[in-house]
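Work through these exercises with the model open beside you. Try each task before reading its solution.

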Amino acid sequence: MPVRTIDVDQPLFESRTTWSDYIDPALRADALRIEDDDAGWPWLVWRGRRLTNIEVPFPEDSPAIGRDHLRRLAGEPATASFEELVPAAYRSASARLAALDEFGLDQAVLFPNYGLLWERMLAEDRLAQRANAQAYNRFMAEVISDGGGRLHGVAHLMLHDPAWAVAEIARVAADGVRLAMIAPAPVDHKPLSHPDFDPVWAACCAHGVAPVFHVSGFESPLDPAWHLGEPADGELLLDSIFLWLAPAVALANLILTGTLERFPDLRIGVVELTAGWVPSFLLHLDGASDFHAQRHGGPFRRLADRPSDYFLRQVRVAALPYEMPNRLVKSVGGQTFMIGSDWPHAEGVAHPLQAAARATDGLADDEVAGLMADNAAWLLGIRWA
């Protein structure tokens, strides 16, 4: 029987008007937009303010982004329009399905694209944050409907208003959404384990929506002093090096406070935040917990199982093919890792299935099945026929 395949990390590009097309009409003035400057370069804009420049990447071609960056700085005109640069497969459900067929992939999980940039940029206006997230979620519901069961769209969710988050979880679940992107970061100085967020986790369990941590515009886990000298626009170098830090801290918090124990049906995904850290994290999660209990005469919080057991039961982590997930599977077991290509981003891979197949060398059949699809299906709540 052929191995099923689910690529758990593919962005779907928004158009210039995605947010204004799907936002509540009364809030259209708050809609994000993509607009060109006088030289024809596109920008993500909110209320007439340029938030960040827009890039159109191509897989395994990061230098192209650098060349365009230098052209912008030199005041040169754009080489083509935004619409000319964005292939149909980047933005259209039908064209993405055709791309999956070309790659030989069965299914794909679709994250926001430019939606990964703006969350913190709109922090001054929480209503605008919620309105634009909900607009994207409505867009994604249509993509899922057009995807024939092969495209799994990820909702954009924020927790600063737990009641709104609970209602939005129920709404997107009714539209067929199974995953929701949530920042692995404190919310208004509250950790994710704070009791205020218990209704959110309960709603995720009740509606079968799994929260997913992904690269996005959340607060850096590093002290601002470490970023001194870095460019103000674009990704921060040290954050890129320590991509794993935010999800590792968030998961340690949720595990050690007993949140995952109290919500055993809560499934959590970690995508594009690297995977190589997991074996060491599990070692230190248990080891530091043991040491704390010995030094303090008892555990931080008494749990029924080892801290690492909650991670292994309730968390799934995406690995890019070049992270050699076959080696990670041998360290941690076959139930944890999923394959993600990040196609068509520049740091992604150009041929997802070919690259994934090379990353399964030495694995048993059940381990290959887990890495290529079964672990992703568990996160999505899919039961194979």
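**Exercise 1. Charge.** How many positive and how many negative side chains does the protein have, and how far apart do the centres of the two sets lie?

*Solution.* Keep in mind that this is a predicted model. Step one: count the charges. The protein has 32 positive and 52 negative side chains. Step two: locate the two centres. They lie 4 Å apart.

**Exercise 2. Overall build.** Describe the fold in numbers, and test the radius of gyration against the rule for a compact globule.

*Solution.* Start with the secondary structure: 16 helices and eleven strands. Next, take the extent. The C-alpha trace spans about 65 × 50 × 45 Å along its principal axes. Now run the test. A compact globule of 385 residues would have a radius of gyration near 21 Å, and the protein has 21 Å, so the two agree. Then turn to burial: 54% of the 385 residues count as buried. The accessible surface comes to about 17,000 Å², with 55% of it belonging to carbon and sulfur atoms. Last, check the contacts. Among those between residues at least 6 apart in sequence, 74% join residues at least 24 apart.

**Exercise 3. The cores.** Which residues touch the most other members of the largest nonpolar core, and which helix gives the most to this core?

*Solution.* First, recall the background. In soluble globular proteins, nonpolar side chains tend to be buried together. Here the largest nonpolar core holds 94 residues, and Leu-159, Trp-201 and Phe-311 touch the most other members. Helix α6 (residues 126-146) gives the most to this core, with nine residues. Apart from this core lies another, of 19 residues, including Phe-111 and Ala-373.

Now zoom in on Phe-311. Leave aside residues up to four places away in sequence. Phe-311 then touches Leu-251, Ile-255, Trp-277, Val-278, Phe-281, Leu-282, Val-317 and Thr-336.

**Exercise 4. Two helices and their cover.** Which residues of α5 and α8 are buried, and what covers them?

*Solution.* Take α5 (residues 93-103) first. Its buried residues are Ala-93, Ala-95, Arg-96, Leu-97, Ala-99, Leu-100 and Phe-103. Their cover includes strands β1 (6-12), β5 (107-112) and β6 (151-156), along with helices α4 (88-91), α6 and α15. Just after α5 comes Gly-104, with a positive phi of about 85°.

Move on to α8 (residues 198-207). Asp-198, Val-200, Trp-201, Ala-203 and Cys-204 are its buried residues. Among the elements that cover them are α7 (162-174), β8 (210-214), α10 (245-256) and α11 (259-262). Gly-208 follows α8, and its phi is positive, near 70°.

**Exercise 5. Backbone exceptions.** Examine Glu-60, Asp-342 and Pro-344.

*Solution.* Set the baseline. Most residues other than glycine have a negative phi, and most peptide bonds are trans.

Glu-60 has a positive phi of about 60° although it is not a glycine. Its place is the loop between β4 (49-53) and α2 (62-73). Is Glu-60 buried or exposed? Its relative accessible area is 54%, and the cut-off for exposed is over 50%, so Glu-60 is exposed.

Asp-342 also takes a positive phi, of about 60°. Asp-342 lies in the loop between β11 and α15. Its relative accessible area is 0%, and buried means under 20%, so Asp-342 is buried.

Pro-344 is found in the loop between β11 (337-339) and α15 (352-358). The peptide bond from Trp-343 to Pro-344 is cis, with omega near 10°.

**Exercise 6. Two residues.** Characterise Asp-24 and Ala-155 by place, accessibility and contacts.

*Solution.* Asp-24 sits in the loop between α1 (18-22) and β2 (33-36). With a relative accessible area of 29%, Asp-24 is partly exposed. Leave out neighbours within four places in sequence, and Asp-24 is in contact with Gln-134 and Arg-138. Asp-24 and Leu-371 are 347 residues apart in sequence and 40 Å apart in space, C-alpha to C-alpha.

Ala-155 lies in strand β6. At 3% relative accessible area, Ala-155 is buried. Not counting residues up to four places away in sequence, Ala-155 touches Asn-137, Val-172, Val-177, Leu-179, Ala-180 and Met-181. From Ala-155 to Phe-139 the separation is 16 residues in sequence and 9.6 Å in space, C-alpha to C-alpha.

How values were computed
Residues numbered from 1 in each chain as written. Predicted model: local features only at pLDDT ≥ 70, side-chain atom pairs only at ≥ 80, totals over all residues. Heavy atoms only, no water. Helix = DSSP H or I, 4+ residues; strand = E, 2+ residues; numbered from the N terminus. Rg over C-alpha atoms; globule rule 2.2 N^0.38 Å. Buried < 20%, exposed > 50% of the residue type's maximum accessible area, 1.4 Å probe, protein only. Contact = heavy atoms within 4.5 Å. Areas by Shrake-Rupley, 256 points an atom, 1.4 Å probe, with all protein chains shown as cover. Lys, Arg positive; Asp, Glu negative; His and termini not counted. Charge placed at Lys NZ, Arg CZ, Asp CG, Glu CD. Core = buried A, V, L, I, M, F, W, Y, C linked by side-chain atoms within 4.5 Å.
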